[in-house]
Structure formats: structure tokens, C-alpha cells
Amino acid sequence: MQALGAVVALDDGVLKISPPARPPVGPVTIDCGNSGTTARLLTGLLAGWLAPGCSGVVLIGDPSLSRRPMNRVVEPLQAMGADITWVSEPGYLPLKIRGARLVGAAHDLKVASAQVKSALLVAGLFAQGTTSVTGAGGSRDHTEKIFHSLGITLEEETESTKLSVRGPVRPGAFDFRVPGDPSSAAFFQVAAALVPGSKVSVEGQSINYTRTG
């Protein structure tokens with residue numbers, strides 16, 4: 001976020017982020033490490049947020065992330081008008097994103113994916129018209145919860161698992177409490193289960209229905 005111009009400060013467990021006044025003009029490279037969530041959600045965000053004519057943002061990752069497919073998020077974004085190119089091998093990081101005007105589109109996911117769903121809905125916030133995503137039923141619903149908390153209208157059709165957002169829409173500043181991550185807590189919980197007589201308490205862990213499995 002700092003590389004994109006945001007002012008970020010961490011103070012006593014509170015992360016404060018002030019957005020940049022404008023998107024970067026010069027080239028920026030962001031290392032997503034091993035985080036597929038970072039790579040895919042940033043692809044959707046940057047596709048709509050970057051200004052046309054900027055030098056672009058390159059997303060790179062570690063060797064493991066660089067072998068994970070990115071086509072499933074890039075191709076639907078390109079169908080919305082996104083300017084995304086492969087830096088080396090098509091379908092994989094690194095990739096380069098330049099600013100472009102997005103137009104809402106209907107997406108039917110072949111594989112339910114919270115990351116792809118979220119990337120498309122975030123891009124839909126910048127797009128002109130309605131962006132809908134079908135086929136993400138059963139995927140983690142963190143994005144839907146955040147949209148609702150920000151007052152963003154997200155139309156949901158339960159029977160068809162269709163989610164729709166009409167853009168462009170820009171939420172204002174907000175306060176948000178991030179629940180504890182079950183994946184991280186699981187290591188300590190399993191350790192306690194393995195050692196007779198041990199006990200561990202985890203506070204604030206996410207227990208919404210898409211994560212209790």
C-alpha cells in the first residue's frame with residue numbers, strides 16, 4: 001500500500017491507512033510473496049483504480065506463487081476492458097497492469113473461488129454499469145461482509161448464487177475490526193489437542209459459516 005502512495009501506520013494493534021491523493025504515474029513493482037489473495041485481489045483493484053496513461057504496476061511473487069494460475073482472474077477482467085499483460089510466461093506472474101476504463105460484465109465462474117469472485121467485484125466498483133458473478137456459491141464470504149459493512153449495495157440471488165454490484169461506487173472512510181484467522185489459529189489449537197492436559201484460548205476468531213469447516 002505504501003508503494004502505491006498510501007500513508008500507513010501501525011499503532012497498538014490499530015492499522016491506519018490514508019489513501020493516496022491519486023494513483024501512481026511512474027512504474028511500481030509489488031512483491032506478493034506467497035499470497036494468492038494479495039495477487040488476485042490487487043489485480044482486480046488496480047485494473048480499475050490506476051489512471052489511463054500511467055506506466056503501470058507489476059505484480060511478482062515467490063517461485064510457488066509464480067506457478068499458480070492467474071488466467072482465471074485476468075481473462076474476465078480483460079473482458080471488462082482491463083489492460084493486463086504477461087511479463088514472461090502467459091498465465092502466470094509476473095504480470096503488468098495499466099489503467100483502463102472498465103465496463104461491467106456478467107461472469108460465470110467455472111470453479112468457485114473467493115479470490116476470483118472478490119477481484120471481479122472490487123473491479124466492479126470502478127466499472128461503468130453492473131458487474132455480476134455467478135458460480136461462487138460456497139466460497140468464503142468475507143468480501144460480501146465487507147461490502148455490506150461499507151454500505152455498498154450488493155444484490156444477492158441465493159438460488160443462482162449470483163452476486164451483483166453496480167458501479168462506479170466509491171466508499172468513504174471506515175473503521176473495521178478484522179476477525180482472527182482460523183487458518184493461523186489452527187496450529188495452536190491442534191497443538192493443544194495433541195498434548196494431554198493442555199488448554200489454549202483463541203479470542204476473536206472468525207466463526208462464520210464459510211470457515212467453520
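# Exercises on a predicted model

Leaving aside neighbours within four places in sequence, Leu41 is in contact with Gln115, Ser118 and Ala119. Keep that in mind for the opening exercise, and remember as you go that this is a predicted model.

**Exercise 1. Work out where Leu41 sits and whether it is buried, partly exposed or exposed.**

Solution. Start with the element: Leu41 is found in helix H1. Now take its relative accessible area, which is 27%. Buried would need under 20% and exposed over 50%, so Leu41 counts as partly exposed. Next, look at its partners: Gln115, Ser118 and Ala119. To finish, try a distance: Leu41 and Phe147 are 106 residues apart along the chain, and their C-alpha atoms are separated by 14 Å.

**Exercise 2. Find the elements that build the largest nonpolar core, and pick out which one gives the most.**

Solution. Begin with the core itself, which has 43 residues. Leu4, Leu46, Val57, Leu59, Leu77, Leu95 and Ile97 have the most contacts inside it. Then go through the elements. At least two residues each come from helices H1 (36–49), H2 (71–79) and H3 (114–124), and also from strands S3 (28–31), S4 (57–60), S6 (95–98) and S10 (162–167). The top contributor is H3, with six residues. As background, nonpolar side chains in soluble globular proteins tend to be buried together.

Now zoom in on Leu95. Setting aside neighbours within four places in sequence, its contacts include Val57, Val58 and Leu59. Thr43, Met70 and Val74 are also among them, and so is the run Ile84, Thr85, Trp86 and Val87.

**Exercise 3. Decide where the buried residues of H4 lie around the helix axis, and say what covers them.**

Solution. First list them: Thr143, Glu144 and Phe147 are the buried residues of H4. They span an arc of only 100° around the axis, so they end up on the same side of H4. The general rule helps here: an α-helix has 3.6 residues a turn, so residues three or four places apart point the same way. As for the cover, it includes H3 and S10. Just after H4 comes Gly151, with a positive phi near 80°.

**Exercise 4. Describe the second largest pocket: its space, its lining and the classes of its residues.**

Solution. The pocket holds about 270 Å³ of space. Its lining is made of 15 residues, and Gly137, Glu144, Glu156, Leu163 and Tyr209 lie nearest the centre. Helix H4 (142–149), strand S9 (155–157) and S10 each give two or more residues to that lining. Sorted by class, you get three nonpolar, six polar and six charged residues. Notice Glu144 turning up again: it is one of the buried residues of H4.

**Exercise 5. Track down the cis peptide bonds before Pro94 and Pro168, and a non-glycine with positive phi.**

Solution. Take Pro94, in the loop between strand S5 (83–86) and S6: the bond from Leu93 to it is cis, with omega near 5°. Then move to Pro168, in the loop between S10 and helix H5 (182–194). The bond from Gly167 to Pro168 is cis too, with omega near 0°. For the backbone angle, go to Asp12, whose phi is about 55° although it is not a glycine. Asp12 sits in the loop between strand S1 (7–11) and strand S2 (14–18) and is exposed, at 75% relative accessible area.

**Exercise 6. Say whether Ala82 is buried or exposed, and which residues it touches.**

Solution. Ala82 lies in the loop between H2 and S5. Its relative accessible area is 9%, so it is buried. Not counting residues up to four places away in sequence, Ala82 touches Ala47, Leu77, Ala100 and Leu102.

Terms used. Residues numbered from 1 in each chain as written. Predicted model: local features only at pLDDT ≥ 70, side-chain atom pairs only at ≥ 80, totals over all residues. Heavy atoms only, no water. Core = buried A, V, L, I, M, F, W, Y, C linked by side-chain atoms within 4.5 Å. Buried < 20%, exposed > 50% of the residue type's maximum accessible area, 1.4 Å probe, protein only. Helix = DSSP H or I, 4+ residues; strand = E, 2+ residues; numbered from the N terminus. Contact = heavy atoms within 4.5 Å. 1 Å grid on protein atoms, 1.4 Å probe; cavity = no way out; pocket = protein on both sides within 12 Å on 5 of 7 lines; lining within 4 Å. Points joined across faces, edges and corners; volume = space filled by probe spheres on them. Nonpolar A, V, L, I, M, F, W, Y, C, P; charged D, E, K, R; others polar. Arc of directions from axis to C-beta.
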